[in-house]
Amino acid sequence: MKPTKKILIISYYWPPAGGPGVQRWLKFVKYLPDFNIEPHVYIPENPTYPLIDEKLLGEVSDKAVIIKQPIFEPYGLASFFSKNKTKKISSGIIPNQKKQSFVEKAMLWIRGNVFIPDARVFWVKPSVKFLKKYLQENQIDTIITTGPPHSLHLIGLQLKKELNITWLADFRDPWTTIGYHKQLKLSSWAAKKHKALEKEVMTTCDQLLVTSPTTKTEFQAITSKPIEVITNGYDVEKVIKKPLDEKFTLAHIGSFLSARNPRILWKALKELTKENPEFKKQFQLKLIGAVSAEVLQAIKEFKLGKYVNHLGYLPHDEAIIEQRSSQVLLLIEIDSEETKCIIPGKLFEYMVSERPIIAIGPENADFSQIIKETNTGTFFKYDELEALKAQILICFEQFQQNNLKVYPVGLQQYSRKSLTEKLAKLLITNH
């Protein structure tokens, strides 16, 4: 059957990139052909990915047309000074302000004030030139740009101005209100420039896609263009079954950033190890992924070091196996107004792992609603120490009775295939 529509997706993150940024469009591209849409994916030929997961290459749909063009990234020059610091900053791990070295401060200033909106901005011009020809030759009239990096939206902006096309701008994260934006040491000129570009993108595109209801509300104050919430989701994965951990493991999967350092959790765990000899004997804190120095320092400070099993970064499939064999899954979000809109991608994988979630985040966080509606765990604000302790204890008692499990409801709406169907309908109606 011939596809009814061809679309072009412009993305920076693509396998072998690891981490959460790659999953969303990898999965949309996997399922779009099921809805008669042929995806063409435009990506950089020589990108600087902070995380690599070669196994994800096996998940790229053979029905997708992949196009690559070279990119110049100043991160290459920056890593001349410090490869490790460059890698961390490019992956969003920004050191605590008080502990930043001169090099880190300088790199953040340059990142925020010289490269606007970000260090991939040098890819815009050559991409527009190449894609103008490509879109016309392949008779493609619909493009999607996905950010961050938000400079990819500038490619869409330029193509929209020069060609008669439909353009959807997908924001996996907000632009000027994302948590780390304030840490970029922006001059007032740079801050205005970011805001102006953000507004131009949002008022010029035909349709916006966002991942949470809070972001939708925030963007509605900037533009009158239609905004659709399509969250991230879970894929049906064949996972090697591993028995549940023998210890009472509380597992955190993914980057554990400095600002996400949940002192309330460390305090609760410290008190439980003191008050409950059985808990002390059975408890283990399992960490998978990059963990910032500040988080490790806090764990040490609360005398929890001996309970830690830090497995480091694991390929996605191995991380899923570890996740599903854990007793309890931890979901931590920064306690701030800006992070209410963040629905971590891993939430959806957590939800289908059949393990209870203990989540900590800001009041009225969008993800707290999803956890409640799907009956997949419990959510706590940063001032609910006693309630958090009580819930950990309930889980521990159920673990002792070999009875620790969850009974989720309504998960199907978050499957990657259902979400792609929603996207496909939008693409057809926007045609």
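**Overall surface, helix 14 and the Ser-353 loop**

The accessible surface of the protein chain amounts to about 19300 Å², and carbon and sulfur atoms contribute 54% of that area. The model is a predicted one, and its protein chain is made up, in terms of secondary structure, of 16 helices and 13 strands. Buried positions account for 55% of the 431 residues of the protein chain. Among the contacts in the protein chain with a separation of 6 or more, 76% are formed by residues that lie 24 or more positions apart.

Helix 14, which spans residues 366-374, contributes Asp-366, Phe-367, Ser-368, Ile-370, Ile-371 and Thr-374 as buried residues. The packing partners of these buried residues include three strands by name, strand 11 (328-332), strand 12 (357-360) and strand 13 (377-380), together with helix 8 (213-220) and helix 13 (346-351). Just after helix 14, the backbone at Asn-375 adopts a positive phi of about 60°.

Two of the elements against which helix 14 packs, helix 13 and strand 12, are joined by a loop in which Ser-353 is found. Ser-353 counts as buried because its relative accessibility, at 7%, falls under the 20% cut-off. The side chain of Ser-353 reaches the backbone oxygen of Tyr-350 at 2.6 Å. When neighbours within four places in sequence are left aside, the residues in contact with Ser-353 are Gln-323, Arg-324 and Leu-329.

Conventions. Residues numbered from 1 in each chain as written. Predicted model: local features only at pLDDT ≥ 70, side-chain atom pairs only at ≥ 80, totals over all residues. Heavy atoms only, no water. Buried < 20%, exposed > 50% of the residue type's maximum accessible area, 1.4 Å probe, protein only. Helix = DSSP H or I, 4+ residues; strand = E, 2+ residues; numbered from the N terminus. Contact = heavy atoms within 4.5 Å. Areas by Shrake-Rupley, 256 points an atom, 1.4 Å probe, with all protein chains shown as cover. Polar contact = N/O pair within 3.5 Å; in protein donor to acceptor, adjacent residues only side chain to side chain.
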